[in-house]
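Here is a short tour for anyone who likes to read a model with the viewer open. Please load the structure and keep it beside the text.

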Amino acid sequence: MTASEPSGVAGATSVAIIMDGNGRWATERGLPVLEGHRRGAKTMKQTVKDAVALGIRELTVYAFSTENWSRPSDEVAGLMEMFAELIVSETPELDDEGVRMRFVGSRRGVSDSLLKQMDWAEAETAANTRLALFVAFNYGGRAEILDAAERYEGGGEEAFAKLLYAPEMSDPELVIRTSGEKRLSNFLLWQSAYSEFLFSDVLWPDFDRAELEAALREYASRQRRFGARE
Ligand code: IPE
Ligand code: IPE
Ligand code: MG
């Protein structure tokens, strides 16, 4: 354990989260789906703070997949509006907290104004070192691998990994998925080759620090072998 883990939870320093269950959270309460996404965004903000407090150095969150465009158009439009608002409203505070923001995903199909805001947030926070927050937006693992393959000219795994959307991102030690679904849904296909997986039944808007700590404790109890004999 290092000094950057004040809570005493010996754990992963590189964590990725599939933030799933916003829709069900809203439906259970008779609320519009977008209200679920709003609550999910709130949870994400808190999770970033908790991650910093728990000594996590890299956090990747799955915010919008390449397949999510196939949702009803009002949900997609509402999400895009929400992302734009969130970038504007949250970047200054994230910057104050020492968070470096990085968007990972394809730029294809994303509006120019949103791309500009993403570029702005990345530039604003580029010098921060406390936590690297990778926001997987318009992200698909297969698209990422295909994009890299088009530019690959040999050199093996290391050279290939440099062609991925965020070459500076470490492979996640732990991938958490909320809402009880047990699948990757096209998330970090290359990077999660040897990740540990933690599936929680909690719907994303209800995820909290206790859940994150429990996930890190579970991770600490896992034995990673990477294919080798002890
Ligand atoms: C995850 O929550 C957020 C996004 C995919 C943008 P969902 O909206 O998938 O929630 P469920 O799976 O319908 O409950
Ligand atoms: C994965 O969740 C994408 C995000 C959390 C952003 P989905 O809800 O889109 O995945 P499926 O459709 O249940 O596999
Ligand atoms: Mg879902």
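The report below takes up the two ligands and then one helix.

This is a predicted model, so the distances that follow are computed from its atoms.

**Ligand 1**

Which residues surround ligand 1? They are M19, D20, G21, N22, G23, R24, H37, A63, N68 and R71. Helix α1, which covers residues 22–28, gives the largest share of this shell, with three residues. Oxygen atoms of ligand 1 have polar partners here: R24 offers a side-chain N or O atom at 2.7 Å, D20 has a polar side-chain atom at 2.9 Å, and N22 takes part through a backbone N or O atom at 3.1 Å. On its own, ligand 1 would expose 380 Å², and the protein buries 83% of that area. As for its location, ligand 1 takes up the space of the largest pocket.

**Ligand 2**

Around ligand 2 you will find I18, M19, D20, Y62, A63, F64, N68, R71, R177, R183 and S185. Which element supplies the largest share of the shell around ligand 2? That is strand β2, residues 58–65, with three residues. Polar side-chain atoms of three residues can be picked out next to oxygen atoms of ligand 2: one in N68 at 2.9 Å, one in R71 at 3.2 Å and one in R177 at 3.3 Å. Ligand 2 taken alone exposes 390 Å², of which the protein buries 78%. The space that ligand 2 takes is also described as the largest pocket.

M19, D20, A63, N68 and R71 appear in the lists for both ligands.

The polar contacts can be read off together here.

| Residue | Ligand | Distance to a ligand oxygen atom |
|---|---|---|
| D20, side chain | ligand 1 | 2.9 Å |
| N22, backbone | ligand 1 | 3.1 Å |
| R24, side chain | ligand 1 | 2.7 Å |
| N68, side chain | ligand 2 | 2.9 Å |
| R71, side chain | ligand 2 | 3.2 Å |
| R177, side chain | ligand 2 | 3.3 Å |

**Helix α3**

Now follow helix α3, whose 24 residues run over 73–96. From first C-alpha to last, α3 reaches 35 Å, close to the 34 Å expected at 1.5 Å a residue. Where does α3 kink? The kink, of about 45 degrees, lies at E90, shortly before the proline P92. After α3 comes G98, with a positive phi near 80 degrees.

Methods
Residues numbered from 1 in each chain as written. Chains lettered and ligands numbered in written order. Predicted model: local features only at pLDDT ≥ 70, side-chain atom pairs only at ≥ 80, totals over all residues. Heavy atoms only, no water. Helix = DSSP H or I, 4+ residues; strand = E, 2+ residues; numbered from the N terminus. Expected span 1.5 Å × (residues − 1). Bend = angle between axes of the 7 residues up to and from the residue. Near = heavy atom within 4 Å. Polar contact = N/O pair within 3.5 Å; in protein donor to acceptor, adjacent residues only side chain to side chain. Areas by Shrake-Rupley, 256 points an atom, 1.4 Å probe, with all protein chains shown as cover. 1 Å grid on protein atoms, 1.4 Å probe; cavity = no way out; pocket = protein on both sides within 12 Å on 5 of 7 lines; lining within 4 Å. Sits in = over half its atoms within 2 Å of the grid points.
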